[in-house]
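This report looks at a few local features of one protein chain. Please look over the sequence and the structure before reading on.

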Amino acid sequence: MEKILVILLATFIGYSTNWLAIKMLFRPYTRKTIFKIHIPFTPGIIPKNRHNIARSLANIMTDKVLTDDTISSKIIDNLKIEGNISSLIDENCEESIKNTLKKVSKNISDDLLNSGLSENIVESLFNEIKPKLGFFGGMIDGFRDVIIDKIDNYISTEGKTYIENYLNKKYDEIKEVNFASLKENPLFDIVKNALGSFLNQAIMAVDIKGLIEDEINALDIKEFERMLTSVLNRELRAITWLGAIIGAIIGCINLFFL
């Protein structure tokens, strides 16, 4: 009977020590004192080091699992867009694009006016015609300024309208492009890489590492304990019972030598 009690006691001790060790990972949650003297091992290992644990987990997640390239590539690979480009453009966006094209048309016509294009055209034209007119060549010099004004007036009116209509026509053609056909276009890889670069910059701006760390630190320690124990419940119970088995074995060995 005494031998059985020894084995049972050793089993209980092995079970209890492992159970207590697991509990001390989280318990107690806060620092404990007696007469202002700090009680060792308080708070538990995880509450005491939660900020370091959060930082380490965040580093592992962002350096090994959720890297910027991994996230951006997954977003691009799983981005499913069907139909034409026009399906992505709402009324407000349409109006904004039209206004932008109008401004671009005006800027182009203004640049043409300021570039001296009309003077260059007239100068080239007169240089070509005057030698062929001989004696009468000098008579057309009086029309130089009139022709320049006519060209400038055309650029600022009909020319501007032509540019705007041309841009709108190309824009309407682009709207009708099907997304499926874009993948066959050599420019698709360029756009894809550009989008990936943009997503990388956006992800870096979000600071995922800091976000993960802040979220872990914000967790209530009791909730954090429940979360971990629910995931590792089977393994933690196995460790606890392993202590009981080792305790029983040690009890048997003691009886053998005693």
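## Asp-69 and a distant partner

Helix α4, which runs over residues 68-77, contains Asp-69. The model is a predicted one. Asp-69 counts as exposed because its relative accessibility is 53% and the cut-off for exposed is over 50%.

In sequence, 131 residues separate Asp-69 from Asn-200, yet their C-alpha atoms are 6.6 Å apart in space.

## The buried side of helix α11

Helix α11 covers residues 221-231, and its buried residues include Ile-221, Phe-224 and Glu-225. These residues are on the same side of α11, because they cover an arc of only 100° around the axis. An α-helix has 3.6 residues a turn, so residues three or four places apart point the same way.

What lies over these buried residues? The cover of the buried residues of α11 includes two other helices, α2 (45-48) and α3 (50-65).

## The start of helix α11

There is also a polar contact at the start of α11. Here, a side-chain oxygen of Asp-220 comes within 3.1 Å of the backbone nitrogen of Lys-222.

## A nonpolar surface patch

Six residues make up a nonpolar patch on the surface: Leu-242, Ile-245, Ile-246, Ile-249, Ile-250 and Ile-253. Together they have about 530 Å² of accessible area.

Leu-242, one of the patch residues, is located in helix α12, residues 233-257. Is Leu-242 buried, partly exposed or exposed? Leu-242 is partly exposed, because its relative accessible area is 44% and partly exposed covers values between 20% and 50%.

Definitions and conventions. Residues are numbered from 1 along each chain as its sequence is written. This is a predicted model: local features need pLDDT of at least 70, side-chain atom pairs count only at pLDDT 80 or more; totals for chains, interfaces and linings use all residues. Side-chain values use heavy atoms; hydrogens and water are left out. Buried means under 20% relative accessible area, exposed over 50%, partly exposed in between (1.4 Å probe, protein chains only). Helices (H or I, at least four residues) and strands (E, at least two) are DSSP runs, numbered from the N terminus. The arc is that of the directions from the helix axis to the C-beta atoms. Contact means heavy atoms within 4.5 Å. A polar contact is a pair of N or O atoms within 3.5 Å; within protein, one must be able to donate a hydrogen and the other to accept it, and residues adjacent in sequence count only if both atoms are side-chain atoms. Patches are made of residues with over 30% relative accessible area and no salt bridge: like charges are joined within 9 Å, nonpolar side chains (Val, Leu, Ile, Met, Phe, Trp, Tyr) within 5 Å. Accessible areas come from the Shrake-Rupley method with a 1.4 Å probe; for residues, only the protein chains shown count as cover. A salt bridge is a side-chain nitrogen of Lys or Arg within 4 Å of a carboxyl oxygen of Asp or Glu.
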